[in-house]
Amino acid sequence: MVRLFLGSTIMQVVRGGEEPPVRFVVGTRFELGMSWLLPAVLKLEEERPTWQVETDFGSGPDILRRLERGEVDAVVTSAPIARSGWTGDYLHPEDYRFVAAPALLDGTPLQRTSDAAEHTLLDVDSSLPLARYLLDGGGETLRFGEIRTCGAGAAIHVLLKAGRGVAVMPHYMVADDLASGELVEVLPRLKLLSDSFRLLYRRDHPLAEPLSDFATYLRSIPVTHEG
């Protein structure tokens, strides 16, 4: 057996015709990792026992910095990235909804864009990575009375359901809440931008071929959210 040490990655090559063990580290944000990526990894490792896929969670910018430094081998992201030496394999579309709790809107309606001044906008950080899918869509302008940063999509989700503000959220995270009526869409006539999840890695990575296979596998697993 030959063991290759490749930065954060170890790949053991077994001579004799067996499928060689493959090990790599994939980073993504916590909510997507726990609800979708980790279950997909467990299923993959059942089907391909020689594979070991480790996960690493963090904020979008933090995970990208880890990829730059070689601390992870790939990331699942919808962040807009342009690097000449990186490959971004398409995985799934990511759609967004502008949502709030019905009780919040009963007390403080948001029926016109001018009503936004009476509301708190929830987002991950001051760069407004989620709200940009609404604010960059063109057309009418929304100016909110306050912006509250929450650090993570899961925190926004909790605050939304508690009626502490309005937010743009990935559809997969709020689909069940919309179906149950726990959350409702706000100003549904406004057109939000869409995006896509991609598996991002260096084009010259020693495991580029297995990573491409991994992307193909992830495309077969629908994106869902639990919890």
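Of the 227 residues in the chain, 45% are buried, where buried stands for under 20% relative accessible area, exposed for over 50% and partly exposed for the range in between, with a 1.4 Å probe and protein chains only. The model is a predicted one, in which local features need pLDDT of at least 70 and side-chain atom pairs count only at pLDDT 80 or more, while totals for chains, interfaces and linings use all residues. Residues are numbered from 1 along each chain as its sequence is written, and side-chain values use heavy atoms, with hydrogens and water left out.

The accessible surface of the chain, computed by the Shrake-Rupley method with a 1.4 Å probe, comes to about 11400 Å², and 51% of it belongs to carbon and sulfur atoms. The chain holds seven helices and 12 strands, taken as DSSP runs numbered from the N terminus, with H or I over at least four residues for helices and E over at least two for strands. Among the contacts with a separation of 6 or more, 75% are accounted for by residues 24 or more positions apart, contact being heavy atoms within 4.5 Å.

Two of the helices can be set side by side through their buried residues and the glycine that comes after each.

| Helix | Buried residues | Glycine after the helix, phi |
|---|---|---|
| α2 (residues 60-69) | Asp 62, Ile 63, Leu 64, Arg 66, Leu 67 | Gly 70, about 80 degrees |
| α6 (residues 171-180) | Tyr 172, Met 173, Val 174, Asp 177 | Gly 181, near 90 degrees |

The buried residues of α2 pack against the strands β3 (22-28), β4 (51-57), β5 (74-77), β6 (86-94) and β12 (195-202), whereas those of α6 pack against α1 (30-47), β6, β7 (96-100), α5, β10 (167-170) and β12.

The axes of α5 (residues 153-161) and α6 come within 11 Å and cross at roughly 20 degrees, the axes being lines fitted to C-alpha atoms over the stretch in contact, with angles from 0 to 180 degrees between N-to-C directions. The two helices are therefore roughly parallel, a term for angles under 35 degrees. From α5, Gly 153, Ala 154, His 157 and Lys 161 make the contact, and from α6, Met 173, Val 174 and Asp 177.

Thr 216 lies in helix α7 (residues 208-219) and, at 44% relative accessibility, counts as partly exposed. Thr 216 and Tyr 90 are 126 residues apart in sequence, yet their C-alpha atoms are 8.8 Å apart in space.

Definitions and conventions:
Angles under 35 degrees count as roughly parallel, over 145 as roughly antiparallel, 65 to 115 as roughly perpendicular and the rest as oblique.
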